[in-house]
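Have you ever wondered how labels such as "buried" or "salt bridge" are decided? Let us take a few of them and check each one against its rule.

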Amino acid sequence: MFETGLLKDKRILVTGGGSGLGAAMAHRFLALGAELVICGRKPDRLEAAARGMREETGGKVTTIACDIRDGTVVESMMDAVWREAPLDILVNNAAATFIAQSEHLSFRAADAILAPTLHGTMYCTLAAGKRWIDGKHGGVVLSILSTSTITGRAFTVPSAMAKSAVLAMTKSLAVEWGPKGIRTVAIAPGPFPTAGASGQLRPEGRDEGWAARNPMGRAGEHRELADLASFLVSDRAGYINGEMVVIDGGAHLRSSGAEDLLGWTDAQWSEQRAARSRA
């Protein structure tokens, strides 16, 4: 299935494509023949990631610094992208989250999660969709969600809310935009450790035995997620629309992933809030 030209002639934008799972997917898309645009808030990180991808694959990678929390900035980014050529695929990967007792969340803290995860994803999707429809150009939107859309998840409530809303968008636009040649699909990854997410979700002092309790006895490998993403955005998946595919080794069938936090003490939560403030 994953022949070299699977994504040949596909132009793909990956939000948050400079690190973590975004970079893993972007690298795989390039290896399968795609042309890539990656965006994020840190130009230096983006360019370093792009340079590495170019050296390893020989593919074309363009970087655009963009704060997707601002709709006007997203529109400017999409204008810049379309000036060269239309996109074929949008991957909504950028998001934010951290663990917190919900009653201690400030408005600012909640908005720090909702702004990129929900609003930014919506801004990017609507900006791409509008241009596809105006240009009578087909497209695919892939959004990276979470199994919290199925189970809910204590202590990451704003993220669970935002991801669930994006799933609703995915299902709704599948019906509205399907007749226009635009597919919307999603992936709900389970535990795929990255430096950024691990720092926010698995701080020191949190139970470290979670991987062993996964039905598969391990965490996911980035290539596994990247392969699934590559299939879903390819023409091989042309009849999959409005669906979210779970890739978590069956973890959500056992636990929402937050039960260990129910036993945390007030002192542990106080230290967590202090650590987040220092960061």
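The questions below test some labels used for this structure.

This is a predicted model, where local features need pLDDT of at least 70, side-chain atom pairs count only at pLDDT 80 or more, and totals for chains, interfaces and linings use all residues. Residues are numbered from 1 along each chain as its sequence is written, and side-chain values use heavy atoms, with hydrogens and water left out.

Q: Why is Arg-11 called buried?
A: Buried means under 20% relative accessible area, exposed means over 50%, and partly exposed lies in between (1.4 Å probe, protein chains only). Arg-11 has 5% relative accessibility, so Arg-11 counts as buried.

Q: What makes Glu-84 buried, exposed or partly exposed?
A: Glu-84 has a relative accessible area of 45%, so the label is partly exposed.

Q: How do you know that Arg-11 forms a salt bridge with Glu-84?
A: A salt bridge is a side-chain nitrogen of Lys or Arg within 4 Å of a carboxyl oxygen of Asp or Glu. The closest N and O atoms of Arg-11 and Glu-84 are 3.5 Å apart, so the pair fits that rule. Arg-11 lies in strand 1 and Glu-84 in helix 3, so the pair ties together parts that are 73 residues apart in sequence. Helices (H or I, at least four residues) and strands (E, at least two) are DSSP runs, numbered from the N terminus.

Q: What makes Arg-28 and Asp-227 a salt bridge?
A: Their closest N and O atoms are 2.7 Å apart, and the cut-off is 4 Å, so the pair counts. Arg-28 sits in helix 1 (residues 20–31) and Asp-227 in helix 9 (residues 222–233), 199 residues apart. Arg-28 is partly exposed, with 23% relative accessibility.

Q: Why are Lys-8 and Asp-9 called exposed?
A: Lys-8 has a relative accessible area of 53%, so Lys-8 is exposed. Asp-9 has 64%, so Asp-9 is exposed too. Their side chains meet in a salt bridge at 3.6 Å, N to O.

Q: How do you know that strand 5 pairs with strand 6?
A: Two strands pair if DSSP finds at least two bridges between them. Here 6 bridges join strand 5 (residues 139–144) to strand 6 (residues 182–189), so they pair. The two strands run parallel. Leu-142, for example, has Val-185 in strand 6 as its bridge partner.
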